[in-house]
Structures are given as structure tokens and as C-alpha cells.
Amino acid sequence: SENFVDNQGGGAGVYMRGGNLLMEDCSVLRNNTRNTGSGAGLFLNFDLASVSVLRRCTIADNTADSQGTGIGLIVRAGVSTLEDCTIDNNVSADTGTEAAGGVIVGTAGQGGTLNLVRCTISRNGSDIGGGLIVRTGSATLLNCTVSGNVARGEAGGISVDAGQSAT
């Protein structure tokens, strides 16, 4: 059980640059990018061979003042699986093309793979893609709830770019 609370900077809660990650029964709360980058909650800046697993975790109340994408979680590349997790009330003020309040999969031309099992993505907000954006890569949702997310531009719930997939 780990807690990452009230931190500032890009990847303020957790920043991983390669390797593998296992987090269970954790909280990533109230982190802020403070104009320094993306992924206030978790920034998984992996290579394609990296694997991350999060079980029974809460990623909530993370914010970006102006610059920032994937405020709850960024999965830049590799394979990430979340089981029984909650991604709630993460908000980005960014007006860029990769903004996402909750989760973004694949950025900077790299393809990520995200598997969500029994997860809730709720009350997240951003300019584009309030809940989940799939830019490059894929997302699979199994028995998940996506509700109450808000975007000022594209999809409040789920936004999938051309040629990418979400099932």
C-alpha cells in the first residue's frame, strides 16, 4: 500500500522512465504539474517492452495549471493493466491537442496499450477527451464505467483517433 499525495511537477505523483511497475492498494492524490509537464498523477514514459500493473488504486484530484496532458495517467508506450481502479476528478486546463483529464494512451508517436478491468473513469475534465483519449495505440475496457467526464472540445467520455482502437 503506497500513497503519493500533494506533489508538484511533471509526473508529480509517479514518473516511470522504463522498467516494469507493480502498484497495489495505492492512492495517487492531489498532485499538480505546476506548468512543468504532463501526467500529474502517473506518467508512464515506458519503452515498448515495459509492463505496468495497478490493482485497487485510486488516481484522483490531480490537476494541471496550464500545460499538461493525461492528468490522471499517461501511458506513453508499453502495456499497462489497471484492475479495480478508480480514476476520478482529474482536471487539465490545457488547450493543446493531447489534453486529457483522466487517461491518455500513446503520445509523441509512440503506441501504448491499456487494459482496464472493472475500473471507473469519472468526473475528469479537459479541453479534449475528458475521460480517456487513445492517440496512438489501443485501449480495452472490460466491465468498466465511464461517466460524468467533461470536455470543452472532443468527447467527454472516450476519444479515439483515426486508425487506433478502443473496445
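Which residues touch the most other members of the largest nonpolar core? They are Met-23, Leu-42, Leu-44, Leu-54, Leu-82 and Leu-114, out of 26 residues in that core. The model is a predicted one.

**Overall make-up**

The chain holds 22 strands and 0 helices. It has 167 residues, and 53% of them count as buried. The accessible surface comes to about 6,600 Å². Carbon and sulfur atoms own 47% of that surface. Contacts reach far along the sequence: among those between residues at least 6 apart, 82% join residues at least 24 apart.

**Strand pairing**

Strand S18 (residues 137-142) pairs with two strands named here, S14 and S22. With strand S14 (residues 112-117), S18 runs parallel and is joined by 6 bridges. In that pairing, Val-117 stands opposite Leu-142 of S18. With strand S22 (residues 165-166), S18 again runs parallel, through 2 bridges. There, Ser-138 faces Ser-165 of S22 as its opposite residue.

**Nonpolar cores**

Back to the core of 26 residues. Strands that give two or more residues to this core are S2 (14-16), S3 (21-24), S5 (42-44), S9 (73-75), S13 (103-105), S14 and S17 (132-134). Another core, of 6 residues, lies apart from it. Phe-43, Ala-100, Ile-104 and Ile-133 are among its members.

Leu-54 shows what surrounds one of the core residues. Leaving aside neighbours within four places in sequence, Leu-54 is in contact with Met-23, Leu-42, Ile-59, Thr-81, Leu-82, Glu-83 and Cys-85.

**The aromatic pair**

A search of the whole structure turns up 1 aromatic pair. Its partners are Tyr-15 and Phe-43, set edge-to-face. The ring centres are 5.1 Å apart, and the planes make an angle of 70 degrees. Tyr-15 sits in strand S2 and Phe-43 in strand S5, so the pair links parts of the chain that are 28 residues apart. The two partners are covered to unlike degrees. Tyr-15 has a relative accessible area of 37% and is partly exposed. Phe-43 is at 7%, and because buried means under 20%, Phe-43 counts as buried.

**Salt bridges**

The count of salt bridges comes to 6. Three of them are listed below, with N to O distances.

| Salt bridge | Distance |
|---|---|
| Arg-55 and Glu-24 | 2.8 Å |
| Glu-83 and Arg-55 | 3.1 Å |
| Arg-123 and Asp-88 | 2.5 Å |

Arg-55 lies in strand S6 (residues 51-55) and Glu-24 in strand S3, 31 residues apart. Arg-55 is partly exposed at 26% relative accessible area, and Glu-24 is partly exposed at 31%. Glu-83 belongs to strand S10 (residues 78-83), so its bridge to Arg-55 in S6 ties together parts 28 residues apart in sequence. Glu-83 is also partly exposed, with 24% relative accessibility.

The bridge between Arg-123 and Asp-88 spans 35 residues in sequence. Arg-123 lies in the loop between strand S15 (120-122) and strand S16 (125-126), while Asp-88 is in strand S11 (residues 86-88). Arg-123 is partly exposed at 47% relative accessibility. Asp-88 is at 13%, under the 20% limit, and therefore counts as buried.

Which residues do salt bridges with shared partners join into one network? They are Glu-24, Arg-55 and Glu-83. Glu-83 also appears among the contacts of Leu-54.

Definitions and conventions
Residues numbered from 1 in each chain as written. Predicted model: local features only at pLDDT ≥ 70, side-chain atom pairs only at ≥ 80, totals over all residues. Heavy atoms only, no water. Helix = DSSP H or I, 4+ residues; strand = E, 2+ residues; numbered from the N terminus. Buried < 20%, exposed > 50% of the residue type's maximum accessible area, 1.4 Å probe, protein only. Contact = heavy atoms within 4.5 Å. Areas by Shrake-Rupley, 256 points an atom, 1.4 Å probe, with all protein chains shown as cover. Pairing = 2+ DSSP bridges. Core = buried A, V, L, I, M, F, W, Y, C linked by side-chain atoms within 4.5 Å. Phe/Tyr/Trp six-rings, centres within 6.5 Å; stacked < 30°, edge-to-face > 60°. Salt bridge = Lys/Arg side-chain N within 4 Å of Asp/Glu carboxyl O.
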